[in-house]
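Here is a brisk report on one structure. It takes loops, sheets, a ligand shell and empty spaces in turn.

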Amino acid sequence: MKAIRTTCAYCGVGCGITARVIGDRSVSITGDREHPANAGRLCSKGTHLGETVGLEGRLLHPRINGNRVSWEAALDSVAGRMAACMEQHGPDSVAFYVSGQLLTEDYYAANKLMKGFIGSGNIDTNSRLCMASAVAAQVRAFGEDVVPCSYEDLDAADLILLVGSNTAWCHPVVWQRIEKARERRGTKIVVIDPRRTETAEQADLHVAVPPDGDVALFNALLYQMRSRGLLDEAFLADRVEADADFWSSLSPGHGVDPGAFRKLCGLLAAHPRTVTLFSQGANQSICGTDKGNAIINLHLATGRINRIGAGPFSITGQPNAMGGREVGGLATMLACHLGFSADEREAVAGFWNAPTICSGPGLKAVDMFRAIHSGKIKFVWIMATNPAVSLPDSGFVREALARCPNVVVSEVISDTDTARFAHVLLPAHAWGEKDGTVTNSERRVSRQRAFLAPPGETRADWEIIAGVASRLGWGDAFSWQHPADVFREFAAMTGLAAERGKALDITGYAGLDRNGYEALAPFQWGGERPLASGFPTADGRARLVPVKPAGHATGKDFPLRLNTARYRDQWHTMTRTGLSPTLSQHRPEPILEICSADAVRAGLTDRGLVKVETMSGESVFRVGITDAQRAGEVSIPMHWSDAMAGEGRTNRLPCQDVDPVSGQPGFKNTAARVSPVKPAWRAFMATSEAFHPDGLLYWSRSRVSGGWLYELAGNGPMTLDEWLPDGEQLEALDKARGMRRIAVRNGDGALVAAAFITRTGELPSRRWIASQLGTLGANASEVLAGRPSKPAPDRGPIVCVCHGIGEKDIAVAHAGGAQSVTEIGKATCAGTNCGSCRPALAILLDRCAVLAEEELS
Ligand SMILES: Nc1nc2c(c(=O)[nH]1)N[C@H]1C(S)=C(S)[C@@H](COP(=O)(O)OP(=O)(O)OC[C@H]3O[C@@H](n4cnc5c(=O)[nH]c(N)nc54)[C@H](O)[C@@H]3O)O[C@H]1N2
Ligand SMILES: Nc1nc2c(c(=O)[nH]1)N[C@H]1C(S)=C(S)[C@@H](COP(=O)(O)OP(=O)(O)OC[C@H]3O[C@@H](n4cnc5c(=O)[nH]c(N)nc54)[C@H](O)[C@@H]3O)O[C@H]1N2
Ligand code: SF4
Ligand SMILES: [Mo]
């Protein structure tokens with residue numbers, strides 16, 4: 001078995017993976033011990049990548065209007081549509097919407113085609129929804145989009161502030177590194193987040209900031225540091241420039257619990273080695289850029305930057321969000337960290353030998369879809385992103401796509417919500433087949449290497465782009481034969497940035513040959529602290545940017561603030577993690593989290609259904625009552641799409657308001673209201689065949705081994721018959737409980753479906769029933785009873801998905817004397833593989849301890 005070293009498909013931690021092919025589309029995944037980002041560790045998503053490399057749902061052939069066509073026909077169609085639009089309506093009638101899940105080589109090709117050859121700035125990326133505010137804040141403060149720290153700083157910090165980051169779920173391997181630092185040197189951890197997340201539960205201090213209260217909080221912290229005489233006056237005098245009104249813009253009002261604020265000030269004062277790690281709770285806001293600068297201001301003014309263990313650390317989301325920023329894939333940059341001045345445009349045009357360099361920035365994502373909606377843009381090519389699900393106000397986005405006369409989608413999955421709008425659908429290589437480079441949160445460039453043969457007629461994204469470019473007559477500039485050729489060109493191009501004093505400089509790799517590219521070891525551009533030798537501004541000094549807290553309105557009609565966030569084991573719109581039975585156990589349904597007082601007020605019950613309404617739309621979710629959510633605030637996951645749920649699509653709800661500087665949408669703070677949904681009947685169905693119900697009040701589905709598990713609720717007739725697969729149908733009617741139970745077996749006697757429907761009763765536990773799918777000779781009476789005649793011990797909800805350990809197992813181990821997460825691991829194996837569930841185990845242990853104490857007293 002050949003071991004191939006590659007990089008994880010998911011988050012911006014950028015973990016190294018060793019992949020060994022063990023059979024047909026079957027692969028064993030382990031962490032790469034030598035990779036500096038993870039030293040062998042992987043989280044649940046990385047560990048279970050093997051479950052997502054099958055061909056289920058894959059797009060294998062090009063299609064035009066749903067019909068299979070040849071690549072020739074597909075590429076001719078794309079090029080023809082583009083040429084016609086450019087000719088009739090000019091270059092700005094054409095747009096690309098791309099993604100941080102493309103490789104650097106793909107991204108480079110797309111950016112070059114749009115900005116140098118089509119001659120428009122209209123290429124933007126889903127990083128606009130993700131990193132744009134951090135980018136803008138860094139440009140304002142440092143003069144360039146540079147993250148000034150490294151993971152090593154987390155190891156060396158004495159205080160880590162996590163702002164709007166659920167690190168334990170979204171960057172789990174970085175979280176494990178933070179935990180190690182705490183073990184080793186007693187690092188203090190503070191979480192600044194309106195919700196009490198699993199990360200917050202583990203922190204030394206949780207500051208429950210009000211939604212978008214971060215600017216006020218960081219201004220107040222700086223105010224306090226200044227009044228305590230803790231500014232770094234020498235650094236300020238030497239390296240930093242403050243606007244005239246900067247110091248007077250600070251005020252002491254912090255908006256959080258006074259005790260928590262006092263503690264936070266004390267920690268800050270005591271620990272100069274401070275890293276502030278921030279992500280979407282900071283960026284996804286209509287004052288996201290100001291939040292970024294408020295954080296950076298504190299670091300600059302106290303000299304907590306460019307030193308080991310200190311710095312403002314914007315952590316990236318997608319595996320190649322950083323690479324996309326480097327090549328210039330945002331509409332607001334030209335290429336390679338360069339802007340649109342005459343000098344920069346000339347330099348880039350010269351380097352590319354470009355016929356028509358774009359004249360200035362293009363439309364940012366939300367504006368781009370507005371222009372598609374209004375008909376100004378008549379051609380859009382979407383690559384590696386699912387905007388019908390992930391952009392705000394998705395009802396509007398879908399209208400825009402439906403109106404657009406030319407929608408091209410490059411995808412790996414055939415039926416995504418966005419692919420449904422495509423006139424031309426192009427099949428791309430997926431993870432495991434792709435070959436190129438990605439850059440992680442700490443600017444470390446790593447190779448993604450192919451270890452599986454590309455299936456069907458799939459092609460590399462860069463190759464597809466080059467194919468279209470050559471049909472448009474620009475073959476010479478896109479004549480690469482291999483991703484190494486693209487990488488070399490990009491590396492050489494960073495010389496333009498370096499000549500202009502930027503930190504981005506990988507010209508050292510411009511001479512890399514294919515063997516060198518093949519063997520390329522992970523490397524970090526700019527070194528550990530890239531701004532230590534000076535800031536890339538005209539005068540070499542960083543800027544303190546005055547920022548003001550922004551006001552937000554809720555009102556009588558929409559009294560709640562709606563937050564949207566991520567689940568530990570799902571990735572975005574679930575096109576890949578949604579296929580993994582293991583990963584689907586953690587949170588099989590989209591849950592609206594709400595505190596009990598608000599739930600009571602709105603008439604909601606735990607595990608009932610809730611309708612959420614905003615100015616933009618409405619959606620239905622399962623209710624989860626929790627004291628982790630503050631009064632007046634509710635939270636939903638971002639993940640569910642039309643493909644995975646009937647009414648649970650989150651982005652019907654956020655509005656199109658964006659940050660005025662960065663153009664990033666304020667996904668985390670939308671005025672909303674909630675009301676109960678009371679269906680006449682509720683049901684679940686485990687089935688080997690997927691189906692798409694309509695006419696229901698609610699449905700969602702999750703992957704189980706051998707099929708799907710559907711949760712359903714409706715008002716009409718209490719029947720699921722139209723969705724049951726063919727086969728021998730057995731039925732039991734439980735009049736007393738108003739419950740119908742159905743089992744279906746195929747000709748071989750294997751269970752292909754089991755459905756339970758009720759008006760008033762309690763539905764049985766799903767896990768055992770779903771596990772019987774595909775089982776030959778599954779005992780029909782047991783299935784209809786909802787449990788085996790000799791039931792295995794009930795393990796409770798699964799906590800450790802790697803080892804299938806449930807909450808009840810943990811309680812038993814605790815009662816048996818296991819008092820710590822490590823001891824629980826010894827007793828049950830829970831948390832000993834990927835470690836993603838360790839925060840949840842710690843919370844469970846606390847709960848067990850409280851229960852035990854209550855029993856004693
Ligand atoms: N499991 C998993 N991991 C992922 C991803 C995934 O889909 N699933 N996606 C990746 C990507 S692309 C990204 S961008 C990252 C995102 O990683 P994170 O930013 O950690 O993820 P989120 O859950 O979107 O948001 C983080 C937190 O911001 C909080 N928040 C909301 N409003 C505010 C506020 O006003 N102030 C503050 N301080 N906090 C607030 C939310 O309550 C939430 O807990 O995750 C990456 N990793
Ligand atoms: N409400 C709310 N909305 C959000 C967020 C939030 O926190 N709240 N977060 C935002 C953020 S930070 C992000 S990053 C976005 C993410 O949103 P999206 O980018 O829309 O989410 P994904 O599901 O990752 O979509 C990637 C698509 O590309 C396909 N794909 C995967 N690999 C490849 C490839 O190599 N080539 C091609 N051509 N296709 C590929 C996948 O099948 C999938 O359909 O969502 C944003 N939307
Ligand atoms: S933390 Fe998890 S999802 Fe992120 S790169 Fe590492 S293994 Fe992949
Ligand atoms: Mo993201």
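## Loops, sheets and spaces

Cys 336 sits in the loop that runs between α14 (321–327) and α15 (342–352). Its phi is positive, about 50°, although Cys 336 is not a glycine. The model is a predicted one. Asn 65 is another non-glycine residue with a positive phi, here about 45°. Asn 65 belongs to the loop between β4 (63–64) and β5 (67–68).

The strands on either side of that loop pair with each other. β4 and β5 are antiparallel and share 2 bridges. Ile 64 faces Asn 67 of β5 across the pair. Both strands belong to an open sheet of 7 strands. The order is β5-β4-β16-β15-β14-β6-β7, and the pairing is mixed. β5 and β7 (123–125) are the edge strands. Each has a single partner strand, so one side of each has no neighbour in the sheet.

A second open sheet has 6 strands. Its order is β28-β29-β27-β32-β31-β30, with antiparallel pairing. The edges are β28 (698–704) and β30 (728–734). Each of these has one partner strand, so one side is left without a neighbour in the sheet. From one strand to the next, the twist averages 10°. Within this sheet, β27 (residues 681–687) runs antiparallel to β32 (residues 751–758), and 6 bridges join them. Phe 684 stands opposite Phe 756 in β32.

Next comes the ligand shell. Ligand 3 is surrounded by residues including Cys 8, Cys 11, Cys 15 and Cys 43. Tyr 10, Val 13, Gly 14 and Leu 42 are also among them. So are Lys 45, Gly 46, Pro 172 and Val 173. Two helices, α1 (44–47) and α7 (172–185), each supply at least two residues of this shell.

The helix α7 also helps to line the second largest pocket, giving 5 residues, the largest share of the lining. This pocket holds about 570 Å³ of space. It is lined by 22 residues, and those closest to its centre are Gln 176, Gly 831, Cys 834, Gly 835 and Arg 838. β3 (26–31), α7 and α27 (838–856) are the elements that give two or more residues to the lining.

What of the enclosed spaces? Rolling a probe the size of a water molecule over the atoms shows where empty space is left. There are 6 cavities of 30 Å³ or more. The second largest cavity encloses about 120 Å³. Its lining has 14 residues. Thr 52, Val 53, Arg 58, Ala 430 and Arg 576 lie nearest its centre. Domain 1 (3–52) and domain 2 (63–126 + 321–512) each give at least three residues to this lining.

The table sets out the residue classes for the shell and the two linings.

| Site | Nonpolar | Polar | Charged |
|---|---|---|---|
| Shell around ligand 3 | 9 residues | 2 residues | 1 residue |
| Lining of the second largest pocket | 6 residues | 10 residues | 6 residues |
| Lining of the second largest cavity | 7 residues | 2 residues | 5 residues |

The ligand shell counts 9 nonpolar residues and 1 charged residue. In the pocket lining, 10 residues are polar and 6 are charged. The cavity lining has 7 nonpolar residues alongside 5 charged ones.

Terms used: Residues numbered from 1 in each chain as written. Chains lettered and ligands numbered in written order. Predicted model: local features only at pLDDT ≥ 70, side-chain atom pairs only at ≥ 80, totals over all residues. Heavy atoms only, no water. Near = heavy atom within 4 Å. Helix = DSSP H or I, 4+ residues; strand = E, 2+ residues; numbered from the N terminus. Nonpolar A, V, L, I, M, F, W, Y, C, P; charged D, E, K, R; others polar. Pairing = 2+ DSSP bridges. Axes fitted to C-alpha atoms, helices over the stretch in contact; angles between N-to-C directions. 1 Å grid on protein atoms, 1.4 Å probe; cavity = no way out; pocket = protein on both sides within 12 Å on 5 of 7 lines; lining within 4 Å. Points joined across faces, edges and corners; volume = space filled by probe spheres on them. Domains from an automatic or database assignment.
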